[in-house]
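Reader: I should like to study this structure by way of questions. May we begin once it is displayed?

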Amino acid sequence: MAFSSILKKLFGGGEAPPPGAKTMSRNAPCWCGSGKKYKHCHFENDRGYLTAKQNEACKGPT
Ligand SMILES: [Zn+2]
């Protein structure tokens, strides 16, 4: 089952965040190397991604 492809559809092709993204400072430079602050770059994308993943783990398929 290609779970990542489902997430890509949900979040418009957003990249999967790296393992450290969950604990990254919002004011730190983004992990993608854009030079922007994390909160102005991938923060929203990652939060959506991680939340969706968490919900999936909690509920499971119904
Ligand atoms: Zn970024």
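Reader: In what pattern are the donor residues of the zinc ion spaced in sequence?

Author: This is a predicted model, in which local features need pLDDT of at least 70, side-chain atom pairs count only at pLDDT 80 or more, and totals for chains, interfaces and linings use all residues. Residues are numbered from 1 along each chain as its sequence is written, and side-chain values use heavy atoms, with hydrogens and water left out. Donors are N, O and S atoms within 2.8 Å of the metal (3.2 Å for Na, K and Ca); water is not among the atoms, so sites may look incomplete. The donor residues of the zinc ion follow the spacing C-x1-C-x8-C-H.

Reader: Which atoms coordinate the zinc ion, and at what distances?

Author: Three of the donors are SG atoms, those of Cys30, Cys32 and Cys41, and ND1 of His42 completes the list. The distances run from 1.8 to 2.4 Å.

Reader: What geometry does the site of the zinc ion have?

Author: Four donors count as tetrahedral if all angles lie between 85 and 135 degrees. Ideal angles for four tetrahedral donors are 109.5 degrees. The angles among the four donor atoms of the zinc ion are 104 to 114°, and the site is tetrahedral.

Reader: How many disulfides does a search of the whole structure find?

Author: A disulfide is a pair of cysteine sulfur atoms within 2.5 Å. The search of the whole structure gives a count of zero.

Reader: Is Cys30 buried or exposed?

Author: Buried means under 20% relative accessible area, exposed over 50%, and partly exposed in between (1.4 Å probe, protein chains only). Cys32, at 32%, is partly exposed, and Cys41, at 23%, is partly exposed as well. Cys30 has a relative accessibility of 6%, so Cys30 is buried.

Reader: Where does His42 lie, and which residues does His42 contact beyond its neighbours within four places in sequence?

Author: Helices (H or I, at least four residues) are DSSP runs, numbered from the N terminus. His42 lies in the loop between helix 1 (3–10) and helix 2 (43–59), and is buried because its relative accessibility is 14%. Contact means heavy atoms within 4.5 Å. Beyond those neighbours, His42 is in contact with Glu15, Cys30, Trp31 and Cys32.

Reader: How far apart in space are Ala21 and Asp46, C-alpha to C-alpha?

Author: Ala21 is in the loop between helix 1 and helix 2, and its relative accessibility of 4% makes it buried. Residues up to four places away in sequence aside, Ala21 touches Trp31, Tyr38 and Asp46. Ala21 and Asp46 are 25 residues apart in sequence, and their C-alpha separation is 7.4 Å.

Methods:
Helix = DSSP H or I, 4+ residues; strand = E, 2+ residues; numbered from the N terminus. Tetrahedral: all angles 85-135°; square planar, octahedral: opposite > 155°, others 65-115°.
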